[in-house]
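User: I've got a model open and want to know how the labels for helix packing are earned. Can you take me through them?

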Amino acid sequence: MRGAVRVGAAGAILALALAGCKGGGGGNDPGRPPPSAAEKAVQHKTLKDVETRIEAAIAAGDLTGVAQGADEVLARGLADVRTDEPKTLKDEDRLRYSGLVTALEEKASALKSAAEANEGLKVKRAFQQTTASCVKCHDAFAQNPEGRP
Ligand code: HEC
């Protein structure tokens with residue numbers, strides 16, 4: 001009996017979730033299909049482009065460009081990565097995820113500081129550490145290896 005009640009509750013939640021999808025988060029255009037799982041998926045995937053731009057700026061010795069890139073990670077990237085936290089984590093994993101976001105923040109801040117201080121060698125090291133913090137979280141939490149560093 002208890003099991004049946006539970007399934008009923010889960011069904012109701014699912015129905016609500018589906019109704020929510022149809023309502024369309026922001027897109028109420030009736031001709032527009034709801035976003036596919038792939039479309040609404042990863043908010044922070046543009047960080048890959050930012051990373052590529054920072055790498056090119058380093059190669060070109062353009063430390064202003066590096067600082068701007070690091071700023072983008074800090075200004076928008078961190079919030080987007082938080083949004084992308086998988087919804088099903090246990091408390092301990094949520095803490096770990098949050099710690100990995102903080103690690104990215106620290107590395108990107110160090111990158112920005114080094115670029116602003118015009119310290120080329122530090123910039124290279126801080127960039128490596130920044131990308132390593134992307135990879136560290138992906139190894140722990142990402143399912144789909146496509147397209148991510
Ligand atoms: C705290 C965790 C975390 C950090 C830090 C992080 N990511 Fe991710 N990233 C994820 C998760 C979770 C996914 C979802 C992957 C999946 O669905 O398989 C993801 C997926 C991606 C994807 C794939 C997008 C797609 O369309 O499949 C890209 C690209 C990406 N991340 C770039 C980056 C870059 C660049 C950085 C560092 C600057 C970074 N991420 C840092 C958690 C993180």
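Analyst: Sure, let's start with handedness: α4 and α5 make a left-handed crossing. It's a predicted model, where local features need pLDDT of at least 70 and side-chain atom pairs count only at pLDDT 80 or more, while totals for chains, interfaces and linings use all residues. Residues are numbered from 1 along each chain as its sequence is written.

User: What makes the crossing of α4 and α5 left-handed?

Analyst: A crossing gets that name if the near helix is turned anticlockwise from the far one by less than a right angle; clockwise would be right-handed. The crossing of α4 and α5 is of the left-handed kind.

User: Why are α4 and α5 called roughly antiparallel?

Analyst: α4 packs on α5 (residues 91-116) at about 165°, axes 8 Å apart. Angles under 35 degrees count as roughly parallel, over 145 as roughly antiparallel, 65 to 115 as roughly perpendicular and the rest as oblique. So α4 and α5 are roughly antiparallel.

User: Which residues of α4 meet α5?

Analyst: Among them are Leu63, Val66, Ala70 and Leu74, with Val101, Leu104 and Ala108 among those on the α5 side. Contact means C-beta atoms, placed from the backbone, within 7 Å. By class, the contact of α4 with α5 has 13 nonpolar, one polar and five charged residues.

User: And why are α3 and α4 roughly antiparallel?

Analyst: The axes of α3 (residues 47-59) and α4 (residues 63-83) come within 8 Å and cross at roughly 160°. On that angle, α3 and α4 are therefore roughly antiparallel too. α3 passes α4 in a left-handed crossing.

Conventions: Axes fitted to C-alpha atoms, helices over the stretch in contact; angles between N-to-C directions. Helix = DSSP H or I, 4+ residues; strand = E, 2+ residues; numbered from the N terminus. Contact = placed C-beta atoms within 7 Å. Nonpolar A, V, L, I, M, F, W, Y, C, P; charged D, E, K, R; others polar.
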